[in-house]
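Q: I would like to learn how to read a few local features from a set of atoms. Where do we start?

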Amino acid sequence: MKISIIIPVYNTEKYLEQCIESALHQSYCDVEIIAVNDGSTDQSVSILNKYKNNIIVIDKKNGGTASALNLGIKNMTGDWFKWLSADDILVENTIEKLVLEIDKLGKEAENCILYSNYDIIDKNGNVLETFVEPNYNLLDIFQRNVILLDHFYGNGTTSIMHKSIFDKCGLFNETLGYKDDYEFWLRCCFLFGYKLHLVNENLAKYRIHESQLTKKRYNDALEKITQIRLMILKQLHNDLQSKYLI
């Protein structure tokens, strides 16, 4: 089972090397790493060039995270897509643990977006807290979707999914600007019957820092989330739409 780790890169010179090293030093061997440089203007390009013998580097004009992920997906040769943000870190056995869960689920894993718990770290890599994700694995699809509609869960940088999901549900939405992960989760779960499935392990380190896009656009993000929810709900039959809203 081959895993493709896709790293969208835009001006993350402070953290990029640590991110790539964490992907390179996985205990699971059948991995390809694709870093998509989304028009970086800092030293990210030089850092990527240092790793060109070990990873695949793709350069493109700046178009946002979704466009970088999509280009990586189009070029991946693995069976499973693993998102990794360029300022985050995988633990050494991240892929191994995810593959074990995929094997345990069998064919059902292809109908899931798997996600895990993670540490929240600061700009210096210090652990601020461990975030334990909610476990909704035993709920039915409607119950899970109601919760997902109410609040986002399943951090993108912890996620893994089978490549067939993109054939069925489409790629990430490049028109949104941000919150692409939430729109994709809702689209897959509400319109195509996928499930978010928790791997109850701590498998990543999610970094928070001042230059983070999420932090800079917090208020805009709240408005964007509302737009995304309505956009997805409008694609449902009226009766089902009303049921979710109630």
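A: With accessibility: buried means under 20% relative accessible area, exposed over 50%, and partly exposed in between (1.4 Å probe, protein chains only). Asp79 falls in the partly exposed class, because its relative accessible area is 27%. This is a predicted model, in which local features need pLDDT of at least 70 and side-chain atom pairs count only at pLDDT 80 or more, while totals for chains, interfaces and linings use all residues. Residues are numbered from 1 along each chain as its sequence is written, and side-chain values use heavy atoms, with hydrogens and water left out.

Q: Which residue forms a salt bridge with Asp79, and how is such a pair recognised?

A: A salt bridge is a side-chain nitrogen of Lys or Arg within 4 Å of a carboxyl oxygen of Asp or Glu. The partner of Asp79 is Lys163, with the closest N and O atoms 4.0 Å apart. This pair links distant parts of the chain, 84 residues apart: Lys163 is in the loop between strand S8 (160-162) and helix H6 (164-169), and Asp79 is in the loop between helix H3 (65-75) and strand S4 (80-83). Helices (H or I, at least four residues) and strands (E, at least two) are DSSP runs, numbered from the N terminus. Lys163 is partly exposed, at 38% relative accessibility.

Q: How many salt bridges does this rule give?

A: The count is 10. Among them is the bridge between Lys104 and Glu101, whose closest N and O atoms are 3.5 Å apart. These two residues are 3 residues apart in helix H4, so about one helical turn separates them. Lys104 is exposed, with a relative accessible area of 64%, whereas Glu101 is buried at 13%. Another bridge joins Lys107 to Glu110, with the closest N and O atoms at 3.2 Å. Lys107 is exposed, at 64% relative accessibility.

Q: What span should helix H4 have, and what does the model show?

A: The expected span of a helix is 1.5 Å times one less than its number of residues. Helix H4 (residues 94-105) has 12 residues and should therefore span 16 Å; its end C-alpha atoms are 17 Å apart, which agrees.

Q: Which residues of H4 are buried, and which are exposed on the other side?

A: The buried ones are Thr94, Ile95, Leu98, Val99, Glu101 and Ile102. They lie on the same side of H4, because they cover an arc of only 160° around the axis. The arc is that of the directions from the helix axis to the C-beta atoms. On the other side of H4, the exposed residues are Leu100, Asp103 and Lys104.

Q: What does Ile95 touch?

A: Contact means heavy atoms within 4.5 Å. Apart from its neighbours within four places in sequence, Ile95 is in contact with Ile3, Ile5, Gln26, Tyr28, Val31 and Lys82. Ile95 and Lys82 are 13 residues apart in sequence, and their C-alpha atoms are 8.7 Å apart in space. The relative accessibility of Ile95 is 0%, so Ile95 counts as buried.

Q: What phi values are worth a look?

A: Most residues other than glycine have a negative phi, and most peptide bonds are trans. Asn11 is not a glycine, yet has a positive phi of about 50°. Asn11 sits in the loop between strand S1 (3-9) and helix H1 (16-24), and is partly exposed at 27% relative accessible area. Gly106, which follows H4, also has a positive phi, near 70°.

Q: How should a buried charge such as Asp122 be read, and what is the nearest side chain of opposite charge?

A: Charges first: Lys and Arg count as positive and Asp and Glu as negative, while His and the chain ends are not counted. Asp122 is buried yet has no salt bridge, and the nearest side chain of opposite charge, Arg207, is 5.6 Å away.

Q: Which backbone nitrogens does the side chain of Asp122 reach?

A: A polar contact is a pair of N or O atoms within 3.5 Å; within protein, one must be able to donate a hydrogen and the other to accept it, and residues adjacent in sequence count only if both atoms are side-chain atoms. A polar atom of the Asp122 side chain lies 2.9 Å from the backbone nitrogen of Asn124. The side chain of Asp122 also reaches the backbone nitrogen of Asn126, at 2.9 Å. Asp122 itself is in the loop between strand S6 (112-121) and strand S7 (127-131).
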